[in-house]
Each structure stands twice: as C-alpha cells, then as structure tokens.
Amino acid sequence: MTTIHILVNGERKTITVDPSTPLLWVLREELKLTGTKYGCGIGACGACTVHLDGAGTRSCLVPVSLVGDRKIVTIEGVASDPIGRVVQNAWVDNDVVQCGYCQSGQIMSVVALLKSNRKPTNANIEESMGGNLCRCGTYVRIREAIKSAAERLA
Amino acid sequence: MNRRTFFRISAAATGGFLIGMYFDFPMSAQAAPKVYPPDAFVHIKPSGEIVIMVNRVEVGQGTSTALPMILAEELDADWSKVIAEIAPAADVYKDPVVGMQMLGGSISIANSYQQYRELGARTRAMLISAAADGWLVAPEQCRTANSIVYGPANQKASYAELAEDAARRPIPEKVQLKDPSEFRLIGKPTRRLDGRAKSNGSQKFSIDLDFPGMKVALLARPPVFFGRVRSFDDADARNVPGVVDVFEIPLAKGKGSAVAVVADRFWAAKQARDRLNIDWDLSAVEHADSGELRSRFNGLSRTTGKIAVNRGDAKAIDTVGADKRIVAEYEFPYLAHAPMEPLNITLRNDGDRAEAWTTSQVPDTQRQAMAEVLGLPADRITYHIGFAGGAFGRRGTLDEHLEREVAAVAKRMRGIPIKLIWTREDDVPGGYYRPMVAHRVEVGVGDDGMPSAWRHVVVGQGIVLGTPFESFYAKDGIEALLIEGTSDTRYAIPNFQVSVHHPTVNVPVLSWRSVGYSHNTFVVETLIDELALRANADPIAYRLKLVDPSAKRQRAALSLLNEKSGWRNALPPKHACGIALSEYHETASACAADVSIEDGRPRIHRVSVAVACGLAVNPMTIENQFQGGLAFGVTQLMAKGAITLKHGRVDQRNFDGYTPPYIKDAPVAVDVHIVPSAEPPTAVGECPVPLIAPAVVNALARLTGKRYRSLPLVTL
C-alpha cells in the first residue's frame, strides 16, 4: 500500500492503495466517482475514458502510481469546461443515450476531439471515436450530436 | 400446422398465461380486467413532482419514458415534473398479460398500454373527486390540465394540494379513457427522462452501488462449462492485502463449482483470483468443439427432424428439376450478448431476511432461486431493480446462475453486502449464448419465378428445453424460439415444411435480442432475395407479390419503404442496395441498405427503414431503437463476431477476440419511417435486429456475385 496524491476535477486527493491499481478503480472505489465505467479492463471499449492533461485516456490501463501531477478530468468534472457543457447538452437534445453505460466514455472522447478540432469531418469522428463501443448502437445519434455540438461551438 | 395453431394448442394444454407472448393476435384480448391500485404506481409529491413506477427493468429500451408518458397522458400530468422509478419485485408489478414480472419479447408497451392508461385515468378521477367535493360541484363539471383541476367557476387546485385527500378516496372501477384525438403526449416525439443523468455520469447502475462495509466477490470459473473444483491452493491469493475470504461455491443448480474470492475492493479480488491455483475436475463434462459441432449439425440438417410446420405437400420439392431447385446450407455461430455493464448483483444476507439490488429481466424466478439458496421464503428478500447497462437477453437467465452464485457467497458472508461482478473475461467465455445453428433449405422455383416448394431443416440447441419455461415455449420437444422467423413467415409458399433437431451440447444458451429471428430471418430473406434476382425482379416488388394478402403490416412496411427509398435508384458507382423484410411478433419492418466494400469490409452508408408497429407511443424511442437495433444486428457480420470452442474451451476472452461493431462498422445514417396507425401498439425493441444482416449481404451479393450463407463474415 502506498499513499498517492492525484489531482481530480481540480481537487487534490490523497489515497492509500496498491500502486498497481488502475486509475479507473481508484476513481470508482476510493473517490466514489462512478460515472467512469468499467467495461473490459483492456482498453478495448472506451467506457473508462477520462482526460489526462486534456488527452482522452483509458483509465483501466493506467496504474494510479504513474499519473503523477497530470490533471485528471472525469465525466463529473467535464461540465466545468464550456466544451464539456455544450457536448452534454447536445447529448440530451439529440436523445443520444439508451442504456447509457458507455456514454460517459463517449462524451469524454468527443470533448477531447473537439478541443483539438472544432470542425471534425466524418473521418475525424470515426478515428477519434473508433475505440468507444456502444452495444445499444447509438452511433448514428452520436454522430449527429457531435455535429450539433461543433455547430454550437463554431 | 402453422405457427398460430401450434401455439393455440400449447396454450390450451398448459392453461398458460405466458404463452400469450407468442400469440399472433393482440394479446390484450387475453388479459383479465384488473383494477391496479394507483398508489403502487403514482406518487404525487407536495412539490408537484409526480413519481411513476415502471413495472420492468430499464435496459436502454426506453420503457421508463414511454410507460410514464402513457400514464401522464391520461392523468393530464405536467410532464416536466414527471420522474420515473423502476419498481421492485412485487406481485402488483407483474406484466398484466404474461402474469409474471419480466422484460422480454418486446412486450412492455403492448402489454402495459391499457394498464398504464387506466392507472392515469383512475388517478385523475380520484383527484377530480377530491376537488369537486371541496368546491361542492359535480366531478363532470371539472376539467384537468398540466397537473391542475379546474372547477366550473374558474376554481383551481393543483394535484399536489389534492393528493392527500385523493389518495383516501375509493378507486373507481370504471374510467373513461381519452379519445386518441385528445392525446398531447402519446404520439409526440419525446426525449428520454434519463437523458440528462446518463449524459453527466450521475445515473447509478447496479455496478455503481456502494454500501458501508460492502465487499466485492469474483469467481474463478471452470475452464470447461460446469467443470468442478477438485482442490485449490489459496495461499498466494490470501496474501493479497484486502482479501477477506476464499472458498468454493456450487454453480447453477449444483452443476459444477467455482472458487469465490471476497475482498475489500475489485482490484484486490482480481489480483487474488489470478493467484489461485485450482485443480479442476473436467472428466465428467462434455468438451464441446466448434469444428465437431459444425459437422454434427450439418449432418443432422440433411435429415428431416421433428415436423414443426407442414403446409401443402412436403414431397413436392422432390419432383422439382435440379435447374429449378436451390439447395442452401447455412451456419451461425454462438454469439455473446456482452452488454456494456458487466453482469453484477449485490446481496446482503441478514439470516432471517435479505436485500438484493439487481437488474433482473425475470425477477420472479430469479428472486425465488436466490431464496432457495439462502433457505428463505422469497418474500423475505427485498428485491430492488434498477437501471441496467444493456441486457439483450443476458439478464434473463433461466437457470438464475447469477442469483444463485451471489446467494452462495452471501450465505457464508452473513450481514455483509456482497457485490458479485463478472469481469469481461468471465462474460465473453462465460456461456449463455445465442445458440449455434445450422439450416438447410431446399427451394423449388415455379415457372413464374416464385417459390413453389420449401423444405427447411433447423438444427440448434433448445433454449428453454429442460427449464421451467419449457411448457410455455415448446411443445412435443419442438422449441418455437429456434424456428420463429421461418415457421411464421407470411410469404405465401404453397408447399412448405419446417422440421427441427435439438442436439444437446454442454454450452449454456439463452435468448439473444430477437431470439430465433436473428438467424431465421437471415435465411429466409437471403433466399427470397436470391429468388428475386433470379426472376430479374425488383426486390421490394417481388416481396410484395409473394407476401400473403392478409399480411397487412408486411405490405404496409414494404410499400412505405418503397416510397422512402427512392435513393436506391440513384446509387453511386460500386454501391449496391440490399433489402430485407422482418416480422417480430406482430410488428413488421423492412429496410433498404446502401452498401459498398471498403478495406474488405462492408461499409453501410445509409439505411432506410419502414416499420408497422401499431400506434407509436413515443416516435423518438422507436427511431432510436431502430437505429440502435440495426447496429446491434451488425454484430453478426463482424469478422470477429463469433464465439468458438476448442476442446471445451471458449477461444475468445474479451473484446479483442469477440469484437462487436464500433462506430465505423455501424450504419452511418438511418432514417426511420413509421406507418401511421391507430391500432394498439406492438413490439419495437427487438424488431430491427434481424433486418440488417440479410439486407447487407443481399447488397454484397450484388457487388460480388457471391452468396453469403455462413456467419460471421470473415472474408467477403
């Protein structure tokens, strides 16, 4: 067990855990930030996507000991970013969700995309969102919501 | 004997209620009229918020928005103040037609439409009664709008003010329902009530629940289904900090066993599980093998099985010349449901009572199974049902394995809330799959290019055979769930036979969204397409010609699709359009898919869909379900869309080996068109799933000249 300091959604947190624990399980079980989801544990589904210094990252693959002083943003904190707010509203307006389990990860991937590219093409969207699974198959509405968010940000 | 006769007989034999699911006529006709107590379904808070209880689990299908819409319509409730809650297990929340609490067969709206309308109307009548008495006027002089009762002299009182008085009044036996012309919510595209919570991370799924003192349990399961622990060494596992206990538990109904690891946290439980040293006894269980199963199934498909349907002359096919005959053999693999939220369940066993938090699709039998293991009467278990991260049939197990597993762990860990989680590596190779199936069809083509004879053999494990559900879904050892989509086809084929073989295999199987239609519709629709091409006919016109004149919904869906898919006559080069028609219970739908080949894979540029599902309660949900259901159906086409076994062991462990569709694999755009109707609403959620795979391969056939009869599509 090791005591580790991390910066989550703008707050400094101190936890004592096995340093090999993936960031995902620290967020969910130690910090009770359950909006970040476990889907596969091998970085193949994207449900656990968070931002590390703004970059979309699979939190199931990152041991908490390697996070260091990078800023972590989760779905619970992404609305403090104007792009995050716009994307979440676009999700509601376009009635994207079904079961909703993958959607935190989808939204975190979209926000990371729109931060670097305000006018994503279909190819950009497929590339950036290509690792986020949705078993309900909400992909058509995800595309529409990304486009409407991009329009609102233009 | 056609499908309808088949089931009417079985219903009579069992006196069954559950069989109603598979009747072809409106099921509400079967339901005994019952007055449901509004207080179990509607709670009007002093704040004006109206909580409406939803009588089945929400897995994404949208029932937790549509059922409140129906109730709120008749209640004249202020929709902006409506909150949906999923009801716990209780008799009052049983499906009014089926007679058990359940989610399956896409029955929710069809069966609870009348029930929720009446609940809304009764609640409204009680509120009016309270207001009218207070104003000394007759109830008929009052009207309601937006959660307010208005009196004849412009008196007004809010539902919140009236609620307490109203709740003490007798429940009216008879209530007047609205004329559909007065609807303001039903039929209006309405966003989901859970859209915001599911977009900001605040929606709690059962895997997110946290209780003081809660422990996480993982199971080390046998590498071959229903194998047994001979002995195990847990010394290394117990050295992992946070591990509380390690012990053996029986698996479903004593078939095999597993080792349970209980720890403070998930990561500790997983690390400890990885350090277990288990000696498995696999000597008593069959080691299923896909290669061996394939040859066994294909061999069986060349012999006539138990006759399920026989119309006209079954031997007519034998007199058809070889040049007028198509012989087609099909293979379908096992498929995992792989809902995004891995299976999980939480249970606290207090000895004389217990409390569970789950997302059961069939809570009655699942709670009963848990009770059996705990040695308690079922009504001593408070059984909470919540929001699930997908299900697709996976949370409706008929051997209740998950409930039995958690009960076996909690029985030993008394007083401690136990959250049992199946990791993805438990889920993908964990069984309970859509069955592996082989079909063999011989079709005779008449001089007019239409099928004159059709002899069809289906080979696959039964899903309900040997379970308590057998009497409801199977008769004489023939399971309807394996042949639906063929046995009930509305194509008018004069000489038509379907027969069935149900081999037993040591791989547990389960309903997978759209059940038998997932493979039967593929077989029928690819063959019909082949016939249309052979006749040089337009694929929609050909189907309209072949569909029975009485199949009004099929005809309406095809005609609307024809009208909305004008784009298929102006396709870009190297694109082709594929058509498919599907029935799912009483709903008919048809689609046109614009497909090309990119990097050796099908690229689905656009799909137009027409659906005839009776009255559209929430057209936005129907659009959503069709868009998503088509993508779900693409699972069948994925290069890695198969579960296979070698010497008893499943080859795939996670999403790297069993790969469902990602955004690029799914249709890029889907336009959904609903046939206007005032008939009672019918199924939606499962209807789109069987459509997409045949539509796509019908397009591919036009691009490559090949016929695709084995799934998954490994190469084009």
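In this predicted model, helix 2 of chain B, residues 63-75, lies across strand 1, strand 2 and strand 3 of that chain, and runs at about 120° to strand 2 of chain B. The strands beneath this description belong to an open sheet of three in chain B, ordered 1-2-3, in which the pairing is mixed. Strand 1 (42-44) and strand 3 (82-86) of chain B are the edge strands, each pairing on one side only, and the twist from one strand to the next averages 20°. Between strand 1 and strand 2 (residues 50-54) of chain B the direction is antiparallel, with three bridges joining the two; within strand 2 of chain B, Ile50(B) is the residue that stands opposite Ile44(B).

Ahead of this sheet in the sequence, Ala40(B) has its place in the loop between helix 1 (3-14) and strand 1 of chain B. Is Ala40(B) buried or exposed? Ala40(B) counts as partly exposed because 15 C-beta neighbours lie inside 10 Å, whereas 20 or more would be needed for a residue to be called buried. If residues up to four places away in sequence are not counted, Ala40(B) touches Met53(B) and Val92(B). Glu372(B), by comparison, is 332 residues apart from Ala40(B) along the chain, and the C-alpha atoms of the two are separated by 27 Å.

A second open sheet of chain B also has three strands, here in the order 4-5-6 and with antiparallel pairing. Its edges are strand 4 (143-145) and strand 6 (156-158) of chain B, each of which pairs on one side only, and neighbouring strands are turned by 25° against each other on average, direction ignored. Strand 5 (residues 148-150) of chain B pairs with strand 6 of chain B over three bridges in the antiparallel sense, and Tyr150(B) stands opposite Lys156(B), a residue of strand 6 of chain B. Two helices of chain B lie across strands of this sheet. Helix 3 of chain B lies across strand 4, strand 5 and strand 6 of chain B and runs at about 50° to strand 5 of chain B, while helix 4 (residues 159-167) of chain B lies across strand 5 and strand 6 of chain B, running at about 75° to strand 6 of chain B.

Helix 3 of chain B leads on to the interior of the model. The largest nonpolar core has 279 residues, and those with the most contacts inside it are Val261(B), Ala557(B), Cys591(B), Ala593(B), Val611(B) and Val696(B). Helix 3 (residues 108-135) of chain B contributes the largest share of this core, namely twelve residues. In soluble globular proteins, nonpolar side chains tend to be buried together. The surroundings of Val261(B) can be followed in detail: leaving aside neighbours within four places in sequence, Val261(B) is in contact with Ala217(B), Leu218(B), Ala237(B), Val243(B), Val246(B), Ala269(B), Ala272(B) and Arg273(B).

In chain A, strand 3 (residues 49-52) and strand 4 (residues 55-58) run antiparallel and are joined by four bridges, with His51(A) opposite Gly56(A) of strand 4 of chain A. The two strands form a hairpin with two residues between them, and in the turn Asp53(A) has a positive phi of about 50°. Strand 3 of chain A is also joined, by two bridges and again antiparallel, to strand 5 (residues 71-73) of chain A, where Ile72(A) is the bridge partner of Leu52(A).

The two chains meet where 44 residues of chain A are in contact with 50 residues of chain B. On the side of chain A that touches chain B, helix 1 (23-30), helix 2, helix 3 and helix 5 of chain A each supply at least two residues, and the largest share, four residues, comes from helix 5 of chain A. The residues of this side divide into 23 nonpolar, 13 polar and eight charged. Helix 5 (residues 139-153) of chain A has 15 residues and reaches 21 Å from its first C-alpha to its last, close to the 21 Å expected at 1.5 Å a residue. Among the buried residues of helix 5 of chain A are Tyr139(A), Ile142(A), Ile146(A) and Ala150(A), along with Arg141(A) and Arg143(A). The buried residues of this helix pack against helix 2 (82-93), helix 3 (103-116) and helix 4 (122-128) of chain A, and also against helix 16 (619-633) and strand 28 (670-674) of chain B.

Key. Residues numbered from 1 in each chain as written. Chains lettered and ligands numbered in written order. Predicted model: local features only at pLDDT ≥ 70, side-chain atom pairs only at ≥ 80, totals over all residues. Pairing = 2+ DSSP bridges. Axes fitted to C-alpha atoms, helices over the stretch in contact; angles between N-to-C directions. Contact = placed C-beta atoms within 7 Å. Core = buried A, V, L, I, M, F, W, Y, C linked by C-beta atoms within 7 Å. Buried ≥ 20, exposed ≤ 12 C-beta atoms within 10 Å, placed from the backbone. Expected span 1.5 Å × (residues − 1). Nonpolar A, V, L, I, M, F, W, Y, C, P; charged D, E, K, R; others polar.
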